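User: Please take a close look at one loop position in this model, then set it against the rest of the chain. I would like a connected account, with cut-offs stated.

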Amino acid sequence: MPFVETMTPRERVLAALARKPVDLTPVSSPTNVATVDLMDLVDSYFPEANRDPELNARLAATGYTELGFDSIMPYFTIIQESSALGCEMQWEGKDNWPTVRMSRPIWKGPQDIKIPRNFLEHRDTKAITGSIEILKKLYGKEVAIIGKTMGPWTLGYHVFGVEGFLLMSIDDPARTMECMHKLKEISVLYGEAQIAAGADALTFPDHATGDLVSGEYYKRFLLELHQEMAERLKVPLILHICGFTLDRLDYIAQNRMAAFHFDSKNDPAKAVQIAGGRIGLVGNINNPLTLYARGPEEVRAEVFRCMDAGVNMIAPECAVPLATKLENLLEIPRAVRAWHQQHASNGSAKKR
Ligand SMILES: [Zn+2]
């Protein structure tokens, strides 16, 4: 018996985020799927597509219209707030990511943290809220529109510099916490602005990764703070941390957010086991090796691995390389349907 699709993409994503039954597992990237090929297709390019609502919406929509994903993510980068805070930016060109010049921090300590009065009116914060309004009007009934607000840990890297911020966390944890509590207000402010613009859910990147800090760091500095975010921001939140995170996943699973977007450095079956139904999982198709360098067959194998493990939403592990081949991205939703087809015809569809 063929399986039947009974939900809209939006219903599917929101049900998966609530860990309720879905007709098929949604494909939804909480970070970015815009590529150079997609920019060419709609004539909207980096860096301008990050700075103009209309160009942004046009490029973001391709995640749904061209790739067939179940959600649209207009915030491609991690730098919009930091630009509005006054960080020095390197905007780069069409085929490269804009970045914050973290070697030139703008602040030294908690006393310096001030949210500019026009923060939400700055062109780089407005680019995303304006785009969400456009996307909501065009696609909001059928597709989930996911926004993104950076967590205080990542903002700390941007405004204090990675080295300065990590040294502070070792030398003076209390001062670091004071910074976190001030920076979190930026996360709330920008998150609420995107919810008001029409975002159905928010990605919350907060890069306390195993590549830089220990699992205990998550508990010490971020667990309670993330619980507070889950309380204050009134849409489902998707925490995003790249790199190895299995050693902190037990803590992450207690943060009361809807889901955790995890990296391919973590085995999906182990991640599902540790999460234990306390938080949903989104991920974790490898970017540099699989999506960028290999072909649809390898992509399918990784999608199946996630599906077999019971991952709640299927996605690339993080923002895809801008030169990723379209055929590999198109394979993700195809593979999900093929998996369901196989399981429906076996009569052994798992309850997900
Ligand atoms: Zn990432």
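Analyst:
**A loop residue and its setting**

E92 counts as partly exposed because it has 13 C-beta neighbours inside 10 Å. On the scale used, 20 or more other C-beta atoms within 10 Å of a residue's own make it buried, 12 or fewer make it exposed, and anything in between is partly exposed, with C-beta atoms placed from the backbone. The model is predicted, so local features need pLDDT of at least 70 and side-chain atom pairs count only at pLDDT 80 or more, while totals for chains, interfaces and linings use all residues. Residue numbers start from 1 along each chain as its sequence is written.

The backbone of E92 has a phi near 60°, a positive value in a residue other than glycine. Its place is the loop between β2 (89–90) and β3 (99–100); helices (H or I, at least four residues) and strands (E, at least two) are DSSP runs numbered from the N terminus. R256, not a glycine either, has a positive phi of about 65°. R256 sits in the loop between α10 (249–252) and β7 (259–261), and is partly exposed with 15 C-beta neighbours inside 10 Å. A further loop feature is the cis peptide bond from F46 to P47, with omega near -5°. P47 belongs to the loop between α2 (36–42) and α3 (53–65).

These loops belong to a protein chain with 14 helices and nine strands, in which 51% of the 352 residues are buried. Contacts here are pairs of residues with backbone-placed C-beta atoms within 7 Å. Of those between residues at least 6 apart in sequence, 72% join residues at least 24 apart.

In contrast to the partly exposed loop positions, strand β4 (residues 144–148) is largely enclosed by the rest of the structure, as five of its five residues are buried. A144, I146 and K148 point one way from β4, and I145 and G147 point the other way. In a regular strand, side chains alternate between the two faces of the sheet. Strands count as paired when DSSP finds at least two bridges between them. β4 pairs with β1 (residues 71–72) in the parallel sense over two bridges, with I145 as the partner of I72. β4 also runs parallel to β5 (residues 201–205), joined by three bridges, and G147 stands opposite L202 there.

Helix α14 (residues 326–345) has 20 residues and reaches 29 Å from first to last C-alpha, close to the expected 28 Å (1.5 Å times one less than the number of residues). α14 bends by about 30° at I332, and the proline P333 follows within four residues; the bend is the angle between axes fitted to the seven residues ending at a position and the seven starting there. Buried residues of α14 include I332, A335, V336 and W339. Among the elements covering its buried residues are β8 (280–285) and α13 (296–309).

The largest nonpolar core holds 102 residues, and A259 and V303 touch the most other members; such a core is a set of buried Ala, Val, Leu, Ile, Met, Phe, Trp, Tyr and Cys residues joined through C-beta atoms within 7 Å. Neighbours within four places in sequence aside, V303 contacts I285, I314, I332, A335, V336 and W339.

Definitions and conventions:
Contact = placed C-beta atoms within 7 Å.
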